[in-house]
Amino acid sequence: NALKFKRYDTEQIIRDCLAAIPAEQKAEFELSFGIAERISEILKAKGLTQKDFARVLNKRDSEISKWLSGRHNFTTQTIAHIETALGCKLISIAQ
């Protein structure tokens with residue numbers, strides 16, 4: 001008796017996986033990724049490399065790589081440090 005394999009719709013599998021992620025985890029990912037994108041935009045606008053940014057913050061290149069990948073859980077202290085170093089806001093707080 002031959003094994004029968006069910007054919008899966010890849011897009012549906014992805015939708016199902018995303019639907020299984022808790023809302024707060026999705027929100028955390030979106031914030032971290034958004035901050036990383038904002039930092040990248042600022043660096044590009046200022047003509048700074050990742051290495052320049054690491055030097056300004058006295059951090060290792062590998063740590064900055066993690067930040068820019070969107071996988072870092074930024075603390076408010078780190079965000080404030082980055083904003084001060086770059087002279088730009090990363091996050092806007094509604095008044």
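# Close-up views of a predicted all-helical chain

The structure holds three salt bridges. The model shown in these views is predicted.

**View 1. The salt bridge between K51 and D61 joins two helices.** The side chains of K51 and D61 meet with a distance of 3.3 Å from N to O. K51 belongs to helix 3 and D61 to helix 4, so this salt bridge ties together parts of the chain that are ten residues apart in sequence. D61 is partly exposed, its relative accessible area being 33%.

**View 2. The salt bridge between R55 and D52 lies within helix 3.** Here the distance from N to O is 2.7 Å. R55 and D52 are three residues apart in helix 3 and are therefore separated by about one helical turn. R55 counts as exposed, because its relative accessibility is 56% and the cut-off for this class is over 50%.

**View 3. E83 and K89 form a salt bridge between a buried and an exposed residue.** The closest N and O atoms of E83 and K89 are 3.6 Å apart. With a relative accessible area of 15%, E83 is buried, since buried residues are those under 20%. K89, in contrast, counts as exposed at 57% relative accessibility.

**View 4. The rings of F53 and W67 pair edge-to-face.** By the rule applied to ring centres, the count comes to three aromatic pairs. In the pair formed by F53 and W67, the ring centres are 6.2 Å apart and the planes stand at 70 degrees, so the arrangement is edge-to-face; the cut-off for this class is over 60 degrees. The pair links distant parts of the chain, with F53 in helix 3 (residues 50–57) and W67 in helix 4 (residues 61–69), 14 residues apart. Both F53 and W67 are buried. Together with F74, these two residues form one aromatic cluster.

**View 5. N58 occupies the loop between helix 3 and helix 4.** The phi angle of N58 is near 60 degrees, which is a positive value in a residue other than glycine. N58 is exposed, with a relative accessible area of 72%. The helices on either side of this loop also carry the partners of the salt bridge between K51 and D61 and of the ring pair between F53 and W67.

**View 6. I14, L18 and I21 form a nonpolar patch on the surface.** The accessible area of I14, L18 and I21 together is about 250 Å². I14 is placed in helix 1 (residues 10–19). The relative accessible area of I14 is 47%, and this residue is partly exposed.

**View 7. K46 touches residues far along the sequence, L86 and C88.** K46 is found in helix 2 (residues 23–46). Leaving aside residues up to four places away in sequence, K46 touches L86 and C88. K46 and L86 are 40 residues apart along the chain, and their C-alpha atoms are separated by 8.8 Å. K46 is partly exposed, at a relative accessible area of 43%.

**View 8. The whole chain sets the context for the close-up views.** The chain has five helices and zero strands, and along the sequence these elements follow the pattern α-α-α-α-α. The radius of gyration is 19 Å, well over the 12 Å that the globule rule gives for 95 residues, so the chain is more spread out than a compact globule. The C-alpha trace spans about 65 × 35 × 20 Å along its principal axes. Of the 95 residues, 22% count as buried; E83 is one of the buried residues, and F53 and W67 are also buried. The accessible surface of the chain comes to about 7700 Å², of which 54% belongs to carbon and sulfur atoms. Among contacts between residues at least 6 apart in sequence, 57% join residues at least 24 apart.

How values were computed: Residues numbered from 1 in each chain as written. Predicted model: local features only at pLDDT ≥ 70, side-chain atom pairs only at ≥ 80, totals over all residues. Heavy atoms only, no water. Phe/Tyr/Trp six-rings, centres within 6.5 Å; stacked < 30°, edge-to-face > 60°. Helix = DSSP H or I, 4+ residues; strand = E, 2+ residues; numbered from the N terminus. Buried < 20%, exposed > 50% of the residue type's maximum accessible area, 1.4 Å probe, protein only. Patch = residues over 30% accessible without salt bridge, like charges linked within 9 Å, V, L, I, M, F, W, Y side chains within 5 Å. Areas by Shrake-Rupley, 256 points an atom, 1.4 Å probe, with all protein chains shown as cover. Salt bridge = Lys/Arg side-chain N within 4 Å of Asp/Glu carboxyl O. Rg over C-alpha atoms; globule rule 2.2 N^0.38 Å. Contact = heavy atoms within 4.5 Å.
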